[in-house]
Amino acid sequence: RINMGINSRQLSIDGRAMCVSCRRIKNLEELADTCIFCERWVCKECATYRRQGSPFGYMCKSCKRKYK
């Protein structure tokens, strides 16, 4: 059962959020950070680290395709 209060922009009270890429509910330790473009949570499995240019940080798969 999915808690409808959990989304990809905010952490729930118990420290969980939905990954914007895989749409799975992840605990805080499974999340990489928010995407530098859409500012939604990305899990470590789905995150791509942007090494060149600015800003530095993680990108979700959707934004990586969009801003390639």
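## Two buried cysteines

Cys60 has a relative accessibility of 1%, so Cys60 counts as buried. Cys60 takes part in no disulfide. The nearest cysteine sulfur to that of Cys60 belongs to Cys63, 3.6 Å away. This is a predicted model.

Cys63 is buried too, because its relative accessible area is 4%. Cys63 is likewise in no disulfide, and its nearest cysteine sulfur is that of Cys60. A disulfide is called when two cysteine sulfur atoms lie within 2.5 Å, so a separation of 3.6 Å does not qualify. The structure as a whole holds zero disulfides.

## Confidence

The protein chain averages a pLDDT of 79. Of its residues, 78% score at least 70.

Confidence is not even along the chain. Strand β2, residues 25–27, has the highest confidence, with a mean of 92. Strand β5, residues 48–50, has the lowest, with a mean of 66.

## The β3–β4 hairpin

Strand β3 covers residues 31–34, and strand β4 covers residues 41–43. The two pair in the antiparallel sense. Three bridges join them. One bridge partnership links Thr34 to Trp41 in β4.

Together β3 and β4 form a hairpin. Six residues lie between the two strands. Glu39 sits in this turn and has a positive phi of about 60°.

## The nonpolar core

The largest nonpolar core has 13 residues. Those with the most contacts inside it include Leu31, Val42 and Cys43. Cys35 and Cys46 are also among them. So named, too, are Cys60 and Cys63, the pair described above. Strand β4 gives this core its largest share, three residues. In soluble globular proteins, nonpolar side chains tend to be buried together.

Which residues does Cys46 contact, leaving aside its neighbours within four places in sequence? Cys46 is in contact with Cys19, Ser21 and Cys22. Met59 and Lys61 complete the list.

## Ser12, before the first strand

Ser12 lies in the segment before β1, which spans residues 16–18. Is Ser12 buried or exposed? Its relative accessibility is 16%, and the cut-off for buried is under 20%, so Ser12 counts as buried.

The side chain of Ser12 also has a polar partner. A polar contact of 2.3 Å joins it to the side chain of Asp14.

How values were computed:
Residues numbered from 1 in each chain as written. Predicted model: local features only at pLDDT ≥ 70, side-chain atom pairs only at ≥ 80, totals over all residues. Heavy atoms only, no water. Helix = DSSP H or I, 4+ residues; strand = E, 2+ residues; numbered from the N terminus. Buried < 20%, exposed > 50% of the residue type's maximum accessible area, 1.4 Å probe, protein only. Polar contact = N/O pair within 3.5 Å; in protein donor to acceptor, adjacent residues only side chain to side chain. pLDDT = per-residue confidence, 0-100. Pairing = 2+ DSSP bridges. Core = buried A, V, L, I, M, F, W, Y, C linked by side-chain atoms within 4.5 Å. Contact = heavy atoms within 4.5 Å.
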